[in-house]
Amino acid sequence: MDSVPGKHIRNISKSSRPRSSTRGPLDASDDPLALPETPTSPVKHKSMLAADNAFSGASFYELDPLAPDDLPEPLEKDLSFLLRHSNFHTLSHLEIPLPLRSEFLILNPGEPLSTTLGTLEKLLAEGRFLIAAHFSASILTSSLVSPTDIKIIFSLFYTRLACLDLSGNTVLAAQESKALEDLSSAFYYIDLKLESAPVDADYNPENDEEYEQDPRHIVPWPLRVLAVRLQSIGFGDPRRSIGGLYEIGLEARREIMRSEATEAERELWKQRLADLGIRSVNALIEMRDFDAARRSLDNLRVPGPESNITKLRKALLLLRIGDLDAASQVFGDANEAKEAGLLKPLISMSDGRFADAVAEWRILGEDRTRTDGALVAQNLAVCLLYTGQLDESRRLLEAQVTSNHSFGSLIFNLSTVYELCSDSATRMKGRLADTISKQPVIGQTNLDRPNSDLKL
């Protein structure tokens with residue numbers, strides 16, 4: 001029978017339910033805000049980590065190997081403005097499923113700082129980031145910390161912000177980062193050579209031809225880099241992030257050229273400079289300025305030959321930009337690298353060729369020598385979902401949970417599959433949360449998992 005001209009025939013959908021979202025390696029995490037605190041009952045996790053006496057808190061003194069040690073008395077800085085209670089928001093468990101909740105820790109009266117830092121170190125090793133964020137703020141606002149102990153104050157402040165970010169409270173971290181104010185101000189710089197200058201009332205360094213000014217920043221590098229991004233979010237100005245990264249990048253170049261720097265110090269500063277280049281490209285992508293991101297990525301220069309991890313980071317950025325051809329050329333002919341193997345199915349997924357991606361992920365999954373088998377299985381499950389193979393996708397994701405590979409995006413995707421294949425998805429998600437709460441602590445995932453991870 002001939003078709004009737006002018007008539008529009010519409011395909012009837014088998015389901016009126018909108019397509020559920022899934023998460024892959026290019027997706028950003030959500031940033032939920034916490035609600036007022038409520039009392040909860042503790043959850044006991046079986047720990048596979050070292051005994052408590054293995055945590056001494058020494059890592060908080062080693063956040064930045066190039067940061068100045070305790071300052072001499074003439075150069076001491078009073079950081080009491082970072083120790084105010086008003087700097088820190090009240091945290092809550094309400095955004096965490098009931099089976100995964102555990103109590104906030106409180107400081108034990110009379111306990112020394114070293115023991116308290118060891119407790120915090122153990123929380124971080126276990127992945128209890130929300131609990132660690134609360135505990136680090138408790139230490140900062142207690143009498144255990146001296147206002148002039150710059151190493152501990154900055155380390156704890158960094159721990160607080162990083163743990164808030166890792167636990168899904170990025171907006172809170174952005175607000176609290178404002179307490180640091182302007183990290184490029186003169187307050188945060190010291191001149192260590194002034195301490196060794198001649199003790200003379202008439203001495204003026206500006207008149208001494210042999211005197212070379214050597215201003216050093218007292219804030220650890222990881223905190224400075226984190227604060228650049230968080231403050232740009234807190235002040236609602238994405239361009240602030242780009243400017244901040246370029247500013248500390250110029251300082252990194254100066255440190256590389258400093259005459260008294262050792263070869264090891266120069267190498268570390270070169271690595272930091274290369275990392276800033278990747279971060280600046282990512283910041284441009286977050287601003288949706290893809291043309292500038294593409295040009296910046298082309299102009300990146302790293303010391304020595306690029307590692308496969310660096311190449312993969314570039315390829316992922318190119319995939320986010322949408323330049324699939326450029327991403328496929330990043331590894332060139334060296335496609336035997338493990339990271340290059342990941343790139344091929346990712347490109348297929350980005351191009352919407354999910355059937356091809358299924359075959360490519362299956363090949364990678366057959367390699368038992370890979371250490372990223374859970375990541376490969378998760379992406380295979382997502383592709384199976386998009387090709388309509390829900391049952392196999394569900395079995396694959398549940399197998400990863402059974403094997404204790406319950407990272408955030410995998411749990412989110414399994415929750416999506418439950419929504420698609422059952423009318424009792426909420427009950428199934430509840431059972432999933434209960435299963436996760438009974439898994440051994442291996443220190444590789446966030447135990448304080450928010451409701452958004454399980455789509456509750």
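Start by selecting helix α2: what covers its buried residues includes α1 (113–126) and α3 (150–166). Keep in mind on this tour that you are looking at a predicted model.

**Stop 1: helix α2**

Highlight residues 129–140, the 12 residues of α2. From first C-alpha to last, α2 reaches 16 Å, close to the 16 Å expected at 1.5 Å a residue. How many of its residues are buried? The count is 12 of the 12, so α2 is largely enclosed by the rest of the structure. Show the side chains and you will meet, among them, F129, H134, F135 and L140.

**Zoom out: the whole chain**

Now display the full protein chain, with its 16 helices and 2 strands. Of its 456 residues, 46% count as buried. Take the contacts between residues at least 6 apart in sequence: 71% of them join residues at least 24 apart. If you switch on the surface, the accessible area comes to about 24,200 Å², and 51% of that belongs to carbon and sulfur atoms.

**Stop 2: rings around α3**

Next, pick out the aromatic side chains; the chain has 6 aromatic pairs. Select F88 and F157, a tilted pair with 6.0 Å centre to centre and 55 degrees between the planes. F88 sits in the segment before α1 and F157 in helix α3, so many places along the chain separate them: 69 residues. Are these two buried or exposed? Both F88 and F157 are buried.

Then move to F154 and Y188, whose ring centres are 6.4 Å apart with planes at 50 degrees, so this pair is tilted. F154 lies in helix α3 and Y188 in the loop between α4 (170–176) and β1, so the pair ties together parts 34 residues apart in sequence. F154 and Y188 are both buried. Add F81 and F187 to your selection, and you have one aromatic cluster of F81, F154, F187 and Y188. While you are there, show K77, which lies over the face of F187 at 4.8 Å from the ring centre.

**Stop 3: I233 in α5**

Travel on to I233 in helix α5 (residues 221–234). I233 is partly exposed, with a relative accessible area of 36%. Leaving aside residues up to four places away in sequence, I233 touches T170 and A174. Its C-alpha is 8.2 Å from that of Q175, a residue 58 places away along the chain.

**Stop 4: helix α6 and beyond**

Select residues 238–257 for helix α6; its end C-alpha atoms are 30 Å apart, which agrees with the 28 Å its 20 residues should span. Its buried residues, including L245 and I248, pack against β1 (189–191), β2 (215–217), α5 and α7 (263–286). Finish at R272, whose charged end sits over the ring of W269, 4.7 Å from its centre.

Note on methods
Residues are numbered from 1 along each chain as its sequence is written. This is a predicted model: local features need pLDDT of at least 70, side-chain atom pairs count only at pLDDT 80 or more; totals for chains, interfaces and linings use all residues. Side-chain values use heavy atoms; hydrogens and water are left out. Helices (H or I, at least four residues) and strands (E, at least two) are DSSP runs, numbered from the N terminus. The expected span of a helix is 1.5 Å times one less than its number of residues. Buried means under 20% relative accessible area, exposed over 50%, partly exposed in between (1.4 Å probe, protein chains only). Contact means heavy atoms within 4.5 Å. Accessible areas come from the Shrake-Rupley method with a 1.4 Å probe; for residues, only the protein chains shown count as cover. Rings of Phe, Tyr and Trp (its six-membered ring) pair if their centres lie within 6.5 Å; planes under 30 degrees apart count as stacked, over 60 as edge-to-face and the rest as tilted. A charge sits over a ring if NZ of Lys or CZ of Arg is within 6 Å of the ring centre and within 35 degrees of the ring normal.
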